[in-house]
Amino acid sequence: MKYLHEYRDSGLARSLLKALQKRDYGDRSLRLMEICGTHTVAMFRLGLRQLLPPSVQLISGPGCPVCVTAVDDVDRALWLAQQPGVIVTTFGDLMRVPGSCSSLAQEKSRGGAVRMVYASFDALQVARDNPHKEVVFLGIGFETTAPTVAAAMLQASREGIENFSVVSMHKLLPPAMKALLDGKGMDLHGFICPGHVSTVIGAAAYEEIVLQHAIPCVVTGFETLDLLQGLHLLVDQVLEGKARVINQYSRAVSWEGNPAAQKLLGRVFEPADAPWRGLGVIPGSGLKIRKEWQFLDAASRFAIPRMESREHEGCRCGEVLRGAMTPPQCGLFGKACNPETPVGPCMVSSEGTCGAYHQYHPED
Amino acid sequence: MCLAIPAEIIEIEEEMAVVSVGGALRKASLMLLPEPPKEGDYVIVHAGFALHTVDPAEAEESLRLLRELASAAEDENLP
Ligand code: SF4
């Protein structure tokens with residue numbers, strides 16, 4: 001298949017890896033964070049963590065959308081699922097994320113109207129098919145997903161679909177990266193920037209971070225050679241004391257990003273402060289629905305009560321998401337918490353760090 | 001939610017396309033692409049929407065850089 005095999009060439013990969021292993025790091029220890037959960041999983045699948053020299057450490061970041069969803073937001077979704085006449089539609093990843101007392105999957109098994117969809121347009125179809133029900137779509141995801149939800153809202157308004165609304169829990173990654181760098185004790189030397197978020201926001205979106213924090217940022221693809229080249233570009237910069245944005249994934253990411261998607265996103269949503277699991281409220285890191293689109297905002301259509309939410313006491317997802325801890329350091333990892341009975345969201349999601357550790361290194 | 005591999009456009013009908021993701025056929029909306037793609041183009045698809053048309057020239061260039069990097073690395077790897 002095109003754009004796949006050529007980026008998996010094992011001969012080239014071996015040379016690139018060997019070169020990383022042979023570099024002179026002196027007494028330096030490089031902490032490089034991959035923001036995106038898809039990168040975390042790709043690195044595990046390749047066994048990269050084991051193959052890199054001890055001087056290069058990969059730290060997993062907060063780029064798994066369901067993992068960073070605050071437990072209050074999960075509880076609000078659960079409340080909606082319990083309302084008569086309401087159908088809650090959601091991406092599959094959120095189904096098994098535990099709220100304070102239950103999950104959407106549990107609500108569904110108890111007869112709650114919860115439907116899993118693959119795309120925002122599918123949720124709109126559920127609304128067309130069920131004109132006498134209120135259909136709520138749970139909008140989670142980053143800059144990649146938000147425009148797709150905006151597209152469904154635009155379509156709903158064009159068609160005059162009145163029984164459709166959206167809960168916007170979308171989040172923006174650059175503000176979270178800044179918050180991580182502003183936090184205490186976060187010794188990071190470079191970011192492997194998310195490939196597909198960058199498709200929308202463009203490589204230019206990281207310039208401000210580089211300027212303010214002098215930290216190298218490399219937008220990286222997901223294949224073996226992409227990852228290795230991305231690492232080379234970061235290591236080079238760190239060892240040479242440079243910091244700039246480099247776009248390794250230029251076949252899928254342009255410097256400015258996707259203007260059509262950005263425009264639609266900005267038409268429907270505006271930045272707002274948002275709560276992140278493990279990171280607290282980060283200014284300007286969320287997207288709320290603009291006033292003009294309030295008629296499609298589930299938050300104004302339903303009187304959702306304030307939640308008395310609580311996270312599971314032993315779950316250390318917050319620290320894992322900040323890169324302050326690895327999953328095996330959590331006392332519940334692989335015992336009370338495993339993919340069958342996940343205690344925290346980081347174990348549920350296919351992009352979650354705990355889930356990835358469990359799948360690839362259950363014994364660590 | 002993220003498909004990390006590019007999808008090939010098989011058929012376009014107005015703003016929707018049938019795409020092949022490693023052989024599996026799916027539907028994807030084209031309405032978020034800045035430029036309309038053609039059949040045979042590869043696109044990055046996320047949650048049912050194409051978000052970028054893979055640029056063949058950029059892909060070539062990045063492979064060229066990769067090979068260059070690898071051969072420089074090979075030279076250094078020689079004892
Ligand atoms: S292993 Fe489970 S309980 Fe521990 S941090 Fe991860 S998700 Fe939370």
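In this predicted model, 15 residues surround the ligand, and the closest of them are A:Cys315, A:Cys330, A:Cys337, A:Gly344 and A:Cys354. Two elements of chain A, α14 (317-322) and α15 (345-348), each give two or more residues to this shell. Sorted by class, the shell around the ligand holds twelve nonpolar residues, two polar residues and one charged residue.

**Chain A as a whole**

Chain A contains 16 helices and eleven strands. Its C-alpha atoms occupy a box of roughly 65 × 45 × 40 Å along the principal axes. A compact globule of 364 residues would have a radius of gyration near 21 Å, and the value for chain A, 21 Å, agrees with this. Of the 364 residues in chain A, 56% are buried. Where contacts in chain A join residues at least 6 apart in sequence, 77% of them link residues at least 24 apart.

**Helix α2 and its surroundings**

Helix α2 of chain A spans residues 37-46. It is mostly covered, since eight of its ten residues are buried. These buried residues are A:Gly37, A:Thr38, A:His39, A:Thr40, A:Val41, A:Ala42, A:Met43 and A:Phe44. The cover over them includes β1 (30-36), α3 (48-51), β2 (56-63), β7 (190-193), α11 and α16 of chain A. After α2(A) comes A:Gly47, which has a positive phi, near 70 degrees.

One of the covering elements, α16(A), can be described in further detail. Two packed helices are described by the angle between their axes and the distance between the axes. The axes of α2(A) and of α16(A), residues 353-360, come within 10 Å and cross at roughly 10 degrees. An angle under 35 degrees counts as roughly parallel, and α2(A) is therefore roughly parallel to α16(A). In this contact, A:Thr40, A:Val41 and A:Phe44 of α2(A) meet A:Thr353, A:Ala356 and A:Tyr360 of α16(A). By class, the residues of the contact comprise four nonpolar, two polar and no charged.

**The contact between the chains**

Chain A contributes 41 residues to the contact with chain B, and chain B contributes 33 residues. On the side of chain B that touches chain A, β4 (42-46), β5 (49-53) and α1 (56-77) each supply at least two residues. The largest share comes from α1(B), with twelve residues. The residues on this side of chain B divide into 21 nonpolar, seven polar and five charged.

**A residue of helix α11**

A:Gln229 lies in helix α11 of chain A, which covers residues 224-240. A residue is buried if 20 or more other C-beta atoms lie within 10 Å of its own; A:Gln229 has 26 C-beta neighbours inside 10 Å and therefore counts as buried. Apart from neighbours within four places in sequence, A:Gln229 is in contact with A:Leu16, A:Gln248, B:Leu66 and B:Leu69. The C-alpha atom of A:Gln229 is separated by 43 Å from that of A:Ser165, a residue 64 places away along the chain.

**Composition by class**

The table sets out the class counts for the three groups of residues described above.

| Group | Nonpolar | Polar | Charged |
|---|---|---|---|
| Shell around the ligand | twelve residues | two residues | one residue |
| Contact of α2(A) with α16(A) | four residues | two residues | no residues |
| Side of chain B that touches chain A | 21 residues | seven residues | five residues |

How values were computed:
Residues numbered from 1 in each chain as written. Chains lettered and ligands numbered in written order. Predicted model: local features only at pLDDT ≥ 70, side-chain atom pairs only at ≥ 80, totals over all residues. Contact = placed C-beta atoms within 7 Å. Helix = DSSP H or I, 4+ residues; strand = E, 2+ residues; numbered from the N terminus. Nonpolar A, V, L, I, M, F, W, Y, C, P; charged D, E, K, R; others polar. Near = placed C-beta within 6 Å. Buried ≥ 20, exposed ≤ 12 C-beta atoms within 10 Å, placed from the backbone. Axes fitted to C-alpha atoms, helices over the stretch in contact; angles between N-to-C directions. Parallel < 35°, antiparallel > 145°, perpendicular 65-115°, else oblique. Rg over C-alpha atoms; globule rule 2.2 N^0.38 Å.
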